[in-house]
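Colleague: I am new to this structure and would love a guided close look at the side-chain contacts. Could you walk me through them slowly?

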Amino acid sequence: MVTRHSRSTVVLAALAVAAVAVSCSSDPESTTDPAREGTRPMLYVGGEGNINWYSLDEKAGTLEKKGGLTYPHAATFFAKSADGKFFYALLRTINEMAQTMAGKALEGFVATYTIDQGTGALTEIGRRSSEGDRPTYITIDKTGKFALVANNLGHMVGNSITVFPIASDGLLGEPVQKIKMTGIRAHQVRVSLDNKFVYVPNIDSDDISQYAFDAKTGQLTPLDPPAATVDKMFGPRHLDFHPNGKWLYLSNEYAANVTAYSINANGTLTQIGGAVSGVPADFTMRKWQSEIRVAPSGRFVYAGERVHETLAIFEVNQSNGELTLKHNEPTLGKTPRNFALTSNGRFLVVGNQESSSLVLYRVNTGNGMLEKLAGPMEQSTPYVHLFHTLP
């Protein structure tokens with residue numbers, strides 16, 4: 001069911017600012033959701049009005065489109081169940097400004113699908129409200145019992161964070177918790193690798209909300225302090241965890257840099273060193289960073305640079321977690337919003353949103369560098385990518 005909200009001039013103003021200043025969220029958790037052993041990797045890509053799926057031939061280094069679904073909505077983020085049977089997608093209004101000016105409420109859903117274990121095809125089996133405007137991120141906790149959703153405008157209409165229980169049939173139940181406001185424009189919600197803590201980057205509050213997570217009830221309890229601060233005007237967008245569980249890396253959208261943090265025993269975050277730029281020092285155009293991914297090896301971190309039209313490649317100092325920018329790899333398209341790594345870390349696919357294309361790279365796991373294998377290939381407005389391996 002979709003809850004109709006009365007709109008206000010405040011919401012309209014916020015949308016106008018957002019349309020100019022920021023991008024909506026991308027990213028399923030391709031390197032974060034549990035990966036299963038298998039022989040047939042699939043790539044799922046969401047965009048404006050579609051979800052498509054591709055098979056990845058690792059030997060040939062090719063992507064082949066296998067099928068897709070169309071919608072009158074944008075597919076903005078994905079997650080998958082640990083057993084590989086269910087798939088979750090956030091669907092929301094494509095043209096938010098036009099919808100608002102027409103006096104209509106924004107629409108936001110969480111859709112549940114089964115995954116055909118033979119073909120990878122998706123079949124929708126349920127859909128419910130995300131309980132807030134502009135759903136921007138979904139993740140599944142490590143027990144597989146709860147889905148956590150961040151709504152980017154939930155602090156204005158609905159809720160910033162909603163925690164849904166997941167039934168044995170994969171469907172989402174009534175929320176076990178709703179958090180009205182974590183900060184201004186929650187852009188992501190992530191569960192720590194040990195399943196004990198939850199972090200929410202608030203892009204326009206310049207902080208990261210930090211919570212204790214109860215894996216039995218799904219409840220979030222603010223830590224002390226309830227948020228880790230980020231430098232002003234950095235715009236914390238997304239974060240990803242180092243596989244050692246001790247460090248995390250934050251993509252700052254407005255500053256186009258990455259900040260490293262250590263995760264303390266009580267779940268609070270402590271910054272490691274200074275922020276490291278993802279663009280060259282002589283780059284003078286708009287700074288507009290997007291997705292961030294830590295390589296499964298923990299040796300490298302990748303970040304999307306939308307105006308620079310590259311992927312920034314950082315090397316991780318394994319003794320202290322600090323980063324060094326090594327290289328900027330061109331994405332061969334306009335506005336690299338989101339990308340995904342395979343669970344073995346050997347392949348990476350980036351989506352260029354404004355040029356509607358995908359590019360497949362082979363990853364040199366020794367030095368982190370990328371070798372183009374295929375593309376640019378056509379894919380309408382890619383917002384989000386998720387790798388999944390069929391049995």
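Modeller: Happily; what follows is a tour of the side-chain contacts, starting with aromatic rings and moving on to charged and polar groups. Please keep in mind that this is a predicted model.

Let us begin with the rings. There are seven aromatic pairs by the rule used here. Take Y44 and F87: their ring centres are 5.0 Å apart and their planes stand at 50°, so this pair is tilted, as angles from 30 to 60 degrees are neither stacked nor edge-to-face. Y44 belongs to strand β1 (residues 40-57) and F87 to strand β3 (residues 86-92), so the pair ties together parts that are 43 residues apart in sequence. F87 has another ring partner in F78, with centres 4.8 Å apart and planes at 55°, so that pair is tilted as well. What about their surroundings, buried or exposed? Y44 is buried, at 0% relative accessibility. F87 is buried too, at 1%, and F78 has a relative accessible area of 0%, which also counts as buried. These three rings are part of a cluster, in which ring pairs link Y44, W53, F78, F87 and Y113.

Rings also meet charged groups in this model. R286 lies over the face of W288, 4.1 Å from the ring centre. In a second case, the charged end of R337 sits over the ring of Y383, at 4.0 Å from its centre.

Now to the pairs of opposite charge. The count of salt bridges comes to 12. One of them joins the side chains of E253 and R306, with N and O 3.3 Å apart. This pair links distant parts of the chain: E253 sits in the loop between β15 (247-252) and β16 (257-263), while R306 sits in the loop between β19 (300-305) and β20 (310-316), 53 residues apart. Both partners lie under the 20% limit for buried residues, so both count as buried: E253 has a relative accessible area of 0%, and R306 has one of 2%.

Another salt bridge connects D204 with R185, whose closest N and O atoms are 3.1 Å apart. Here D204 lies in the loop between β11 (197-202) and β12 (207-213), and R185 in the loop between β9 (177-179) and β10 (190-191), so the pair ties together parts that are 19 residues apart in sequence. The two partners have their own surroundings: D204 is partly exposed, with a relative accessible area of 32%, whereas R185 is buried at 5%.

Salt bridges can also join up. R128, E131, E174 and K178 are linked in a network of them. Within this group, the side chains of E131 and R128 meet at 3.8 Å, N to O. E131 is buried at 17% relative accessibility, and R128 is buried at 14%.

Let us finish in the loop between β9 and β10, where R185 was found. This loop also holds Q188, which counts as buried at 0% relative accessibility. Where does the side chain of Q188 make a polar contact? One partner is the side chain of Y137, at 3.3 Å. The side chain of Q188 also reaches the backbone nitrogen of L239, at 2.8 Å. The loop between β9 and β10 thus offers you two residues to look at: R185, with its salt bridge to D204, and Q188, with its polar contact to Y137.

How values were computed. Residues are numbered from 1 along each chain as its sequence is written. This is a predicted model: local features need pLDDT of at least 70, side-chain atom pairs count only at pLDDT 80 or more; totals for chains, interfaces and linings use all residues. Side-chain values use heavy atoms; hydrogens and water are left out. A salt bridge is a side-chain nitrogen of Lys or Arg within 4 Å of a carboxyl oxygen of Asp or Glu. Buried means under 20% relative accessible area, exposed over 50%, partly exposed in between (1.4 Å probe, protein chains only). Helices (H or I, at least four residues) and strands (E, at least two) are DSSP runs, numbered from the N terminus. A polar contact is a pair of N or O atoms within 3.5 Å; within protein, one must be able to donate a hydrogen and the other to accept it, and residues adjacent in sequence count only if both atoms are side-chain atoms. Rings of Phe, Tyr and Trp (its six-membered ring) pair if their centres lie within 6.5 Å; planes under 30 degrees apart count as stacked, over 60 as edge-to-face and the rest as tilted. A charge sits over a ring if NZ of Lys or CZ of Arg is within 6 Å of the ring centre and within 35 degrees of the ring normal.
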